[in-house]
Amino acid sequence: MKNSLLIEKAYLNGAFISSKKTFEVINPSTLKPVGSLPDLTVKDCQKFIDTAHKSWEVWKSTPVGERSKMLRNLYNLINEHKQELAENYDLREW
C-alpha cells in the first residue's frame, strides 16, 4: 500500500531532506519493514533542534488570530486526510 502521506525523508525548515544512509522502519508486530528514513548525524539533529528553537521564537510572537488560523488549517488537513493518517498509524500496530 502506497500512502501519499508516508514520506521517507526528514523535514527541516520547510523542506524534505534525505540522506545517503537510511534505516528501515520495522512494524513491531509483524517484524516486516514499512519504510525507511534518513539516518541523520548528530550534526543534522543539532540543526533540527536549532531550527525548532528559532521556529518557536517566531511562533510565540505571531499574533493569536494568525496562530488560530494556522491551527484551524491544520485541523482541516487532518480531517481531510484522516484515512491516510489512520493507515500510517496502523502500520505501527502498537
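A pocket here is an open set of grid points with protein on both sides within 12 Å along at least five of seven lines, and its lining residues have an atom within 4 Å of a point. With that in hand, welcome to a short tour of this predicted model. We will look at the second largest pocket, which has a volume of about 170 Å³, then at the hairpin formed by strand 3 and strand 4, and finally at three loop residues.

**The second largest pocket**

- The lining consists of Leu5, Ile7, Lys9, Ala10, Tyr11, Phe16, Phe23, Leu37 and Pro38.
- Sorted by class, eight of these lining residues are nonpolar and one is charged, while no polar residue takes part.
- Lysine counts as charged, and Lys9 is among the lining residues.
- Two strands, strand 1 (10–12) and strand 4 (33–38), each contribute at least two residues to the lining.

**The hairpin of strands 3 and 4**

- Strand 3 (residues 22–26) pairs with strand 4 in the antiparallel sense, over five bridges.
- Phenylalanine 23 stands opposite leucine 37 of strand 4, and both Phe23 and Leu37 also help to line the second largest pocket.
- Six residues separate the two strands of this hairpin.
- Within the turn sits leucine 31, with a positive phi of about 60°.

**Two loop residues with positive phi**

- As background, most residues other than glycine have a negative phi.
- Leucine 31, in the loop between strand 3 and strand 4, has a positive phi although it is not a glycine.
- Leucine 31 counts as exposed because its relative accessibility is 65%, and the cut-off for exposed is over 50%.
- Asparagine 13 is not a glycine either, yet has a positive phi of about 55°.
- The loop that holds asparagine 13 runs between strand 1 and strand 2 (15–17).
- Asparagine 13 is likewise classed as exposed, with a relative accessibility of 65%.

**Threonine 62, between two helices**

- Threonine 62 is found in the loop that links helix 1 (42–60) and helix 2 (64–80).
- This threonine has a relative accessible area of 11%, so threonine 62 is buried; the cut-off for buried is under 20%.
- Its side chain reaches the backbone oxygen of valine 58 at 2.8 Å.
- Leaving aside residues up to four places away in sequence, threonine 62 touches Arg67 and Met70.

Definitions and conventions:
Residues numbered from 1 in each chain as written. Predicted model: local features only at pLDDT ≥ 70, side-chain atom pairs only at ≥ 80, totals over all residues. Heavy atoms only, no water. 1 Å grid on protein atoms, 1.4 Å probe; cavity = no way out; pocket = protein on both sides within 12 Å on 5 of 7 lines; lining within 4 Å. Points joined across faces, edges and corners; volume = space filled by probe spheres on them. Helix = DSSP H or I, 4+ residues; strand = E, 2+ residues; numbered from the N terminus. Buried < 20%, exposed > 50% of the residue type's maximum accessible area, 1.4 Å probe, protein only. Polar contact = N/O pair within 3.5 Å; in protein donor to acceptor, adjacent residues only side chain to side chain. Contact = heavy atoms within 4.5 Å. Pairing = 2+ DSSP bridges.
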